[in-house]
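Visitor: Please take a close look at one side chain and its surroundings, and then follow the packing and the charge pairs outward from there. Kindly state each cut-off when the term first appears.

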Amino acid sequence: MTATIKSNLPVFVVIMPLFVAFVLPTFARRIRLVEGLVTATTALGFLGAGYLASLILIQNGNPINYSLGGWSAPWGIEIQVSNLSCFFLLMVAGVSLPIALFAADNMTHEVGGPQQTTRFYALYLLLGGALAGMAVTSDLFNVFVLVEVATLSCCGLVSSSNHPWASEAAFNYLILATLGSALILGGIGFLYIITGHLNMEFASHELNRVWQGYPHVVWIAASFLLVGFGVKSALFPLHVWLPDAHSAAPSPASAILSGLAVKGYAICLIKVLYNVFGIALIQDFGIHRILTLLGMIAIIAGSVFALTQDKLKRRLAFSTVAQVGYIFLGLGLANSQSLTGMLFHMASHAVIKSGLFLAAGAIIATTGKNRISEMAGVGRKMPITMAVFTICSVSLVGIPLFSGFVGKWHLLLGSLEAGNRLAQAVIIVGSVLCAAYLFPIIRVAYFEPTPVADCRDPGLPQMIALIMLAAWVIILGVVPGPFLELAKRAAIDLLVMK
Amino acid sequence: MGFTAVDYGTMVMLLILVVASLAMYFIKDLLHAVIVYGAYTLIMALVWLQMNTPDIAITEAAAGIAMTVLMMVVISRTARKED
Amino acid sequence: MKTLLDSLMVNYPYFAAMILFIIGAFTVLTRSNLFKKLIGINIMESAIFLMFIAAGNIRGGAVPILDKANPKALYINPLPSALMLTGIVVSVSVTAFALALIIKLYQFYGTTDARRIAELKKEVASR
Amino acid sequence: MTDLVLALASGAAGGILIALMPRAGDRLRNIVALIFSAAGTLFSWRVAGAVFAGRTIRISGEIAGLAWSLHPDPLGAVFGLIVSTLWLFAGVYSFGYMAEEQKQRTYYTYFLLAFSVTLGVAFSGNLLALYLFYELLTFATYPLVIHERNSEAMKAGSKYIIYSLSGAGAILIAIIIVYSWTGNLDFTGGPLLADCGLRPGLGWVLALFVAGFGVKAAIMPLHRWLPAAMCAPTPVSALLHAVAVVYSGVYGIVRVVYSVFGHELAGQLHLSHILPWVAAFTILVGVIIATQQDVLKRRLAYHTVSQLSYILLGAFTLHPWGLAGAICHMISYSTLKVTLFFGAGIIAKGTGKVRVSEMSGVGWQLPRTMAAFGIASLGMIGMLPLNTFWSKYYLMRGSVAMGKWQLALVLIASGLINAFCFIPTVVAAFAEKGEQPVLEKGSAMGLMLAPTLLLAGIALLIGLWPGLVWPGVDAVVNWFF
Amino acid sequence: MKLRTLPILFILLLAAYVVLVAVAELPPYGMSGNPVQNQVSEGYIENAWEETGVLNMITAIVLDYRAYDTMFETIVLFTAVLAVIITLKTTEKEGGGK
Amino acid sequence: MRDFILKRVAALLLPFIQMYGLYVILHGHVSPGGSFAGGIVVGLAFIAFTTIYGLERGRAKVPEKVTTLVESYGTLWYGMMGMVGVFKGAPFLANKMAGIDLGELGALSSGGLIGLIGLGVGIRVASTMITLFFTMMEEEP
């Protein structure tokens, strides 16, 4: 039995949340059972991811290949648990567990009764499963299908909100995301037409053999994929859907959308760019320069837009736009340090942004205020919530001892290695701007004189979730140990041509 | 170039598809646009039949009709004319 | 230009697919009616499907269903077709969800025009 | 080792303890604050004693795979001594000054936390730890800056945060570059970059470091947060914006020039021939602007800007005499400036007068205060019986020895302008004798007055027997040369 | 045709040109020697019937070789249904919807 | 009772349409078509029934409870078919590898699990179409 589970673990990590999601709607009347199932599933997923990661670390980064249905690579679909997958799996599981805890018994005012809440959880698990699938997949078309599952469940999560604007946000998101999917499918199509393979390894091998015959096609495929994944992961000029969607969604949904979903698409882009095109092609075609430039623009513009927002969740949403810029910047600098930094920043931002959104959700739920200027004195009434918010903000700015610093450190080292002075300056300016848009919230919450009427810290599960996220932030900042090791190895893996 | 009759037939159908898609852009009455969409999916199914993939043709025909029906349902519940 | 057109004529299904794709994108981006946006999305997706299907086809090939009488026929590549089966399902799902959202939006705002909805939203926000 | 940990921990522990007792009375809170500041002071003296005795104290570890260490050397020990001693004085002064203020709990919490963090800056033995404490200092002192909670204070606070974080960003880039060159950030084993030799980009690194630390050290184009931050309570202004925070910037620059680059490598850079002139510019312009200010605390703030650059000037001479002058000035200036601020605070509390133009006759109301103020003003000129004379002497000697005798002239000129800056105030304060009552009464006033007078006395004492501080200065100079 | 649409039209026409240049470069349509008709497709055609036991190769691929994709396809449908219901059924009947 | 002819014709035709849909589902592995197309056809038959006979009678034929169950367990069915492979010691979704008898080529029962999976998917798709239709038709109170 255990041997079966062990040998099938790569696929179980993906399908377990999905299976639970299938049966959830039939338990709608027993909401406690639903919550328990969801939490147990995410916890199990975390265990599974941790086991896989330890396995990978022990066997020195050798990937585990798993052929679905027993059909080997060019014919069947193969999933590959590599360093990158383990890193992302751990990140997904580690963040979705506290979010599930936070959602427990807390969704009524934002989503509705038990049936709606059950559907919300089902969508949540579907998104989790799709993200896990993205982490391990090594098949181009499978990427597209997973992206679609993730997109639809994201939109569903957004539209689950009772908020009247949620539907509009969800519609815009859906349309733009589907446009993105069509572009992604187009890009995959071009790659398939010239290589005849869908498995990433085979496609990469073939592509590097034949690309001289089709320079324009490679260009178009790359730009289709870039724009497609760019829309989905809210790269700056294509981010227009994000602020509405992430601020209208229920708070746990915002947390997972900003924290994980956006990163899932980024991981897919990383896989497609580095595992299919390969670093040599990226540099030949100058794609990395475009990525760097877009990343820098996103950092500055996202931060500046965030500064002008007064609504708490919108400000956090724009902050996500800025932080996605760091991911693309690290992706574009294309050396092992910057990729390490990018991956680590991805993880730390996932934790941080989830913490920020959950804390914001708790504040908005208890005070009923969603404007920053109305939040005076929240810090005294909700000490733990606000403490978590503060820890996350400080970490996002990038102070040592917190997780944000580690990522930025490696990103800076990477930009130094790439000889890109401007990137360094932008990273620093981004940090300062980040402080400029996050600290006013803390200042208002702690130091403004007039207190809000009546509010207190949320219930026990919510508190556990918040404290868990804060603990992640500090653990990642002080002893990232194996996690950083995974990121480093993943970065090196990406740069090695297979 | 050695085009056969099948090729020319396909070309004509593709041309119809382009025309239909342009029509859908310009038609103001949404119900009409949806009807054109139904025709579009059917012709698309025919094109795929020409391309030796009857499975996809059947599926597209069924899915296209299903989508058309759903769209009509929704139009019956919302506004019919484009503002 | 001449050679470009020639190659485009050889690749006419791809050519048509890309034209449809662009028309679909244009519809999505410029039409403010939600239905039109939805139709545009569908056009785009079917254009990509067309591209895939055309890629798998062989002119004069056989339908990829094993003919016991003639097992050595020139069968076309079945893979793109299989992929597009999934693609069609995806596009149906997206359409269904978008339609649901349109109904919801109509219930809220009484219109299916994106620009009008944005205006109404701004009015509500300013009030 | 234990002493080091205790010195750092006592402030933090006290701050947390105060934060955790919301309903404690003022007296109890004051006692706790006093005990913990005294403990911090005691242990940092013990650390300094051990360092001067030549023992090595070192704690090291790793954050996220990067090594950090606490390893006080003579320079750090001197800085730690200054900070801890003055913190004790400022604490006592606060008990009087803050007696009737609101939000004392927040004040003392962050007061003690900032103490810890500043000692951390002093004792850090590696660039990462230095950076960490330097960043934390910003956050620990921010609530003190916005203590008044009015819009002016909030604006000042935002300015402070943005300036400090930008500076820290510049430092981070520089640290990254150093790290990528050496793979090591520990500066206790001799100059960090000594093995690298002269290489392109070195000047940029120095410029980044100087700009980064220069924000807190208030080098002239980067000084604007300092006058704005003067809206904080007086003990905070005295301690943070005349000593602790700004000194952490100055200390950082000295540290970088001598411990990261080393005087030999720094001497080979073109930049180090420009930096003394930047400092000289700041000295002159700062003090000239100071004479234009009417609000006493603002005048003191610009004066601080000017005086900090004395230290930098000494450091940038890259000459043993100059460094000796810088260290001397660090010690002597801090005592005098805190005296001046304490005096200004007493005037504001006692009479409600904050403007220089209103101060005629104040001297007879607050005779002892104004006496101390007068002594400190004289010290700012650099008159003989006061400790600043010696520091200026070494600074001039250092500049001449370095071959830039013009800098000595700048120092003399600034001394003269300094005279214009404060002496007229003191004279006016004693000029007009009215029927005003003497206000120096009561326990609160006593708590404020005692540290003021004591500091003025210490300044005089050091001036008369410079041998009191000379071993420390000597140790620092020997450490680096 | 409103003025607002002109820039978008311009950009899309530009994109169309670039895409068409790429399309012209693709392997010619409908040839049996194209990269797509490689060992993968041959493998399916030759082995599908004995490896899966069905005549229709597309079904063989959909439900056996790439059944994992198809599972996700059904999941997409499931997700869509959930999303539709969560959007439209905001009011809940008592007793779990009879 | 408004449209007698329509109702009669529907009553005659709809069973055949459903039969056709089931045929397409069941014969997906030997002839063109498949579970998805067939499922849609079956679903469309129900939709036509509802449009002709009215929402209430349509709902009575396929209650919401049934669709919910089919949705959930129909999707789970696929996963369970995949787990058959796992239980037999083969990878997830294995068919021949799991040692399942593939049957005679071209017969309705050929293909091992493929037929079963297809049947499940087909019914599920039909239920999906019905659910979508009813959800969009039913007015919110």
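Guide: Apart from residues within four places of it in sequence, B:Trp48 is in contact (heavy atoms within 4.5 Å) with B:Thr53, B:Ile56, B:Ala57 and B:Glu60 of chain B, and with C:Ser46, C:Phe49, C:Leu50, C:Ile53 and C:Ile88 of chain C. The model is predicted: local features need pLDDT of at least 70 and side-chain atom pairs count only at pLDDT 80 or more, whereas totals for chains, interfaces and linings use all residues. Residues are numbered from 1 along each chain as its sequence is written, chains are lettered from A and ligands numbered from 1 in the order in which they are written, and side-chain values use heavy atoms, leaving out hydrogens and water.

B:Trp48 also belongs to the largest nonpolar core, which has 570 residues. Such a core is a set of buried Ala, Val, Leu, Ile, Met, Phe, Trp, Tyr and Cys residues joined through side-chain atoms within 4.5 Å; buried means under 20% relative accessible area, exposed over 50%, and partly exposed in between, with a 1.4 Å probe and protein chains only. Together with B:Trp48, the residues with the most contacts inside this core are A:Phe277, D:Phe209, D:Phe261, F:Phe92 and F:Met136. The element that gives the most to the core is helix H10 (residues 251–285) of chain A, with 22 residues; helices (H or I, at least four residues) and strands (E, at least two) are DSSP runs numbered from the N terminus. A second, separate core has five residues, including F:Ala10, F:Leu14, F:Ala45 and F:Phe49. Chain F itself has five helices and zero strands, and 55% of its 141 residues count as buried.

Not every pair of chains meets. Chain B and chain D do not touch, their nearest C-alpha atoms being 49 Å apart, and between chain D and chain F, where there is no contact either, the closest C-alpha atoms lie 39 Å apart.

Two interfaces of chain A merit attention. With chain E, the contact takes 51 residues from chain A and 41 residues from chain E. The area buried between these two chains (the accessible area, 1.4 Å probe, that two parts lose on being put together, summed over both) is about 4100 Å², with 69% from carbon and sulfur atoms. On the chain A side, A:Trp71, A:Trp75 and A:Arg119 supply 18% of the area buried against chain E, more than any other three residues. One salt bridge is found across this interface; the rule requires a side-chain nitrogen of Lys or Arg within 4 Å of a carboxyl oxygen of Asp or Glu. E:Arg66 and A:Asp139 form a salt bridge, with 2.5 Å between the closest N and O atoms.

With chain C, 30 residues of chain A are in contact with 39 residues of chain C. These chains bury about 3000 Å² between them, 83% of it on carbon and sulfur atoms. The residues of chain C that lose the most area to chain A are C:Phe97, C:Leu101 and C:Lys121, together 18% of what that side buries. Across this interface there are two salt bridges. C:Lys121 forms a salt bridge with A:Asp244, at 3.8 Å between the closest N and O atoms.

A:Asp244 also meets A:Arg314 in a salt bridge (2.8 Å, N to O). This pair links distant parts of the chain, from helix H9 (residues 242–248) to helix H12 (residues 312–333) of chain A, 70 residues apart. A:Asp244 counts as partly exposed because its relative accessibility is 21%, and A:Arg314 likewise counts as partly exposed, at 22%. Both are linked with A:Glu168 and C:Lys121 in a network of salt bridges.

Finally, chain B holds a salt bridge between B:Asp29 and B:Lys81, the closest N and O atoms being 2.9 Å apart. B:Asp29 lies in the loop between helix H1 (5–26) and helix H2 (30–50) of chain B, and B:Lys81 in the segment after helix H3 (54–77), so the pair ties together parts that are 52 residues apart in sequence. B:Asp29 is buried, at 7% relative accessible area, whereas B:Lys81 is exposed, at 51%. Over all chains, the count comes to 20 salt bridges.
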